[in-house]
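Colleague: I would like a close look at one part of this model, namely how its helices and rings pack together. Please take it slowly, since I work at the bench.

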Amino acid sequence: MAVIELDGFKKFSNEREIKLPGIDKTWKVKFDDQYRIQSSLIASEVDKLYRKQSSDEYEDELLELAPADRKKRLTSDLAKFKKVCVDGLSALLQDDGAGEKIYEAKGNSTEICAQIIGKINQTADEVLNVSKDEEEASKYDTER
């Protein structure tokens, strides 16, 4: 009887260090179930706000407002988006000050923070895809 060894799991670690250019701090993140729950909630909220602010209906609503009201609305909506992104980064990196530190280091850009969240989540997907390595190895398996 053949023994199937899943060697890809021998070296598996779901912990990674996250380092961003221009920031001295390195964060150690564990991509576990709690991370997945947290990241899904954050990503869906970021996506919801981004879609809302990018929609034609939103643009139409803004154009109907007086300039002072439009500025107030834009400021309020961007503040909500910023809060979700900054708080989200802090939660994902398990460091209360991480989001604000990243926001400031990246030119006070909420958009960049949203993209960093996406990149961290993409990294989690790659880390947790052990079967990809197994599939690559099985291509060369000649013993059947």
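Modeller: Happy to! Helices here are DSSP runs of H or I with at least four residues, strands are runs of E with at least two, and both are numbered from the N terminus. Residues count from 1 along each chain as its sequence is written, and side-chain values use heavy atoms, leaving out hydrogens and water. This is a predicted model, where local features need pLDDT of at least 70 and side-chain atom pairs count only at pLDDT 80 or more, while totals for chains, interfaces and linings use all residues.

Let's start with helix α4, residues 98–105, just after which G107 has a positive phi of about 75°. Within α4, A98, G99, I102 and Y103 are buried (under 20% relative accessible area with a 1.4 Å probe and protein chains only; exposed is over 50% and partly exposed lies in between). Looking down the axis of α4, these buried residues fall within an arc of 130°, so they line one face of the helix; the arc is taken from the directions from the helix axis to the C-beta atoms. Their cover includes β2 (26–30), α3 and α5, with contact meaning heavy atoms within 4.5 Å.

Helix α5 (residues 110–127) also packs on α1: their axes come within 11 Å and cross at roughly 145°. Axes are lines fitted to C-alpha atoms, for helices over the stretch in contact, with angles from 0 to 180 degrees between N-to-C directions. From α1, Y35, R36, S39, I42, A43, V46 and Y50 meet E111, A114, I117, I120, N121, A124 and D125 of α5. This contact holds 9 nonpolar, 2 polar and 3 charged residues (Ala, Val, Leu, Ile, Met, Phe, Trp, Tyr, Cys and Pro are nonpolar, Asp, Glu, Lys and Arg charged, and the others, Gly among them, polar).

Now the rings. Those of Phe, Tyr and Trp (its six-membered ring) pair if their centres lie within 6.5 Å; planes under 30 degrees apart are stacked, over 60 edge-to-face, and the rest tilted. The whole structure has 2 aromatic pairs. In one, F31 and Y35 have ring centres 4.9 Å apart and planes at 80°, so the pair is edge-to-face. The other, Y50 with F81, is tilted, at 6.4 Å centre to centre and 35° between the planes. That pair joins distant parts of the chain, 31 residues apart, with Y50 in α1 (residues 33–54) and F81 in α3 (residues 67–92). Y50 is partly exposed at 41% relative accessibility, whereas F81 is buried at 3%.
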